[in-house]
Amino acid sequence: MAERKPLISGNWKMHYNHLEAIQVVQKLSYLLRKSDYDAVDVSVHPPFTALRSVQIVLESDKIPIGLGAQDCHWEEKGAFTGEVSPPMLAKLNTSYVIVGHSERRQLFGETDEDVNRKVKAVIAHEMTPIMCVGETLEEREAGSAVDKCGGQVEAGLAGVSKEQVGAMVIAYEPIWAIGTGRTATPADAQEIIAAIRARVAATHGDSAAASVRIQYGGSVKGANAAELMAEPDIDGALVGGASLEPDEFARIVRYREA
């Protein structure tokens, strides 16, 4: 089987207007080389208001960075004030869509059922979901991290075909490590991600489990990226704060040189 190509994704969250976003992605493109793109896939996930501007820069300058969104609704259209649909994103040549981020689950009440609907909708419009799972500090200390993440994986992938699961991305983000400066040790991250891969194998078969890419997210920086990426089941990173600085994000993309 072909080796899983790592995916390094920058989730900008609610940062940067469209003019700032243009500057950031241009600066990032100056820092990255062909050898970087050959070794890893890279995506950036600006706010909705900056997607079109970033798309134009990426396409006009032929920058091989994937355009990503941070969320979407599962319906194609309708009376859903403030929401953005999968077809709207697809028309912007969006490649990746983050679904089920812990901030969406915790702050906006998204359920596993919502996440499952979004996964299916993103796939239906020929984009790749990055489905996030993760446990709270309380759940980790109670010893239920594996069960919590496994349950989210199973619910999020319900009704998705083996082939579709194999082509998508799962991101393990321990909630206690997001934006806190705390990072799961490489061994901790590997343990949970291996368990996630085992759950995919149990629900969708060994082939899907072998090909699905599983990222780690949670205070990833240039200083710890290489150590995390050295683990056998970690196939990339979903980067928050560090992706806002092109120099630091480029260091993460270039983890092999650390």
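At 60% relative accessibility, S207 counts as exposed, because the word is used for values over 50%. The model in which this value was computed is a predicted one. S207 sits in helix α11, which covers residues 206-211. In sequence, S207 is 44 residues away from E163. In space, the C-alpha atoms of S207 and E163 are 8.5 Å apart.

R140 can be read in the same way. This residue belongs to helix α7, residues 137-141. Its relative accessibility is 21%, so R140 counts as partly exposed; a residue is called buried only under 20%. Which residues does R140 touch, once its neighbours within four places in sequence are left aside? They are E135, A145, Y172, W176, D188 and I192. R140 can also be placed relative to I175: the two are 35 residues apart in sequence, and 9.8 Å separates their C-alpha atoms.

From single residues we turn to the interior. In soluble globular proteins, nonpolar side chains tend to be buried together. In this model, the largest nonpolar core has 69 residues. Within this core, the residues with the most contacts are I65, M131, I170, I196, V200 and Y216. Helix α10, residues 186-204, supplies the largest share of the core, 5 residues. Another core, of 8 residues, lies apart from the largest one. Its members include I98, I130, A171 and L238.

I65 shows what one of these core residues touches. With its neighbours within four places in sequence left aside, I65 is in contact with L28, L32, Y37, V42, S43, V44 and L58. Two of these names lead on to a pair of helices: the number of L28 falls within helix α1, residues 18-31, and that of L58 within helix α3, residues 51-60.

How do helices α1 and α3 pack? Their axes are 9 Å apart and make an angle of about 30 degrees. Angles under 35 degrees count as roughly parallel, and α1 and α3 are therefore roughly parallel to each other. The crossing of α1 past α3 is right-handed. On the α1 side, the contact is made by H18, A21, I22, V25 and Q26; on the α3 side, it is made by S53, V54, V57 and L58. Sorted by type, the residues of this contact comprise 6 nonpolar, 3 polar and no charged.

A second pair of helices is formed by α12, residues 222-229, and α13, residues 246-253. Their axes come within 8 Å and cross at roughly 20 degrees, so α12 and α13 are also roughly parallel to each other. Here too the crossing is right-handed, with α12 passing α13. From α12, the residues in contact are G222, A223 and A225; from α13, they are E248, R251 and I252. This contact divides into 3 nonpolar, 1 polar and 2 charged residues.

Is α13 mostly covered or mostly open? It is mostly covered, since 6 of its 8 residues are buried because they have under 20% relative accessible area. The buried residues of α13 are P246, E248, F249, A250, I252 and V253. E248 and I252 thus appear twice, as buried residues and as part of the contact with α12. What covers the buried residues of α13 includes the helices α1, α2 (34-39) and α12, along with the strands β1 (7-11), β2 (41-45) and β8 (236-239). Helix α1, described above as packing with α3, is thus also part of the cover over α13.

Key: Residues numbered from 1 in each chain as written. Predicted model: local features only at pLDDT ≥ 70, side-chain atom pairs only at ≥ 80, totals over all residues. Heavy atoms only, no water. Axes fitted to C-alpha atoms, helices over the stretch in contact; angles between N-to-C directions. Helix = DSSP H or I, 4+ residues; strand = E, 2+ residues; numbered from the N terminus. Parallel < 35°, antiparallel > 145°, perpendicular 65-115°, else oblique. Left-handed = near helix turned anticlockwise from the far one by under 90°. Contact = heavy atoms within 4.5 Å. Nonpolar A, V, L, I, M, F, W, Y, C, P; charged D, E, K, R; others polar. Core = buried A, V, L, I, M, F, W, Y, C linked by side-chain atoms within 4.5 Å. Buried < 20%, exposed > 50% of the residue type's maximum accessible area, 1.4 Å probe, protein only.
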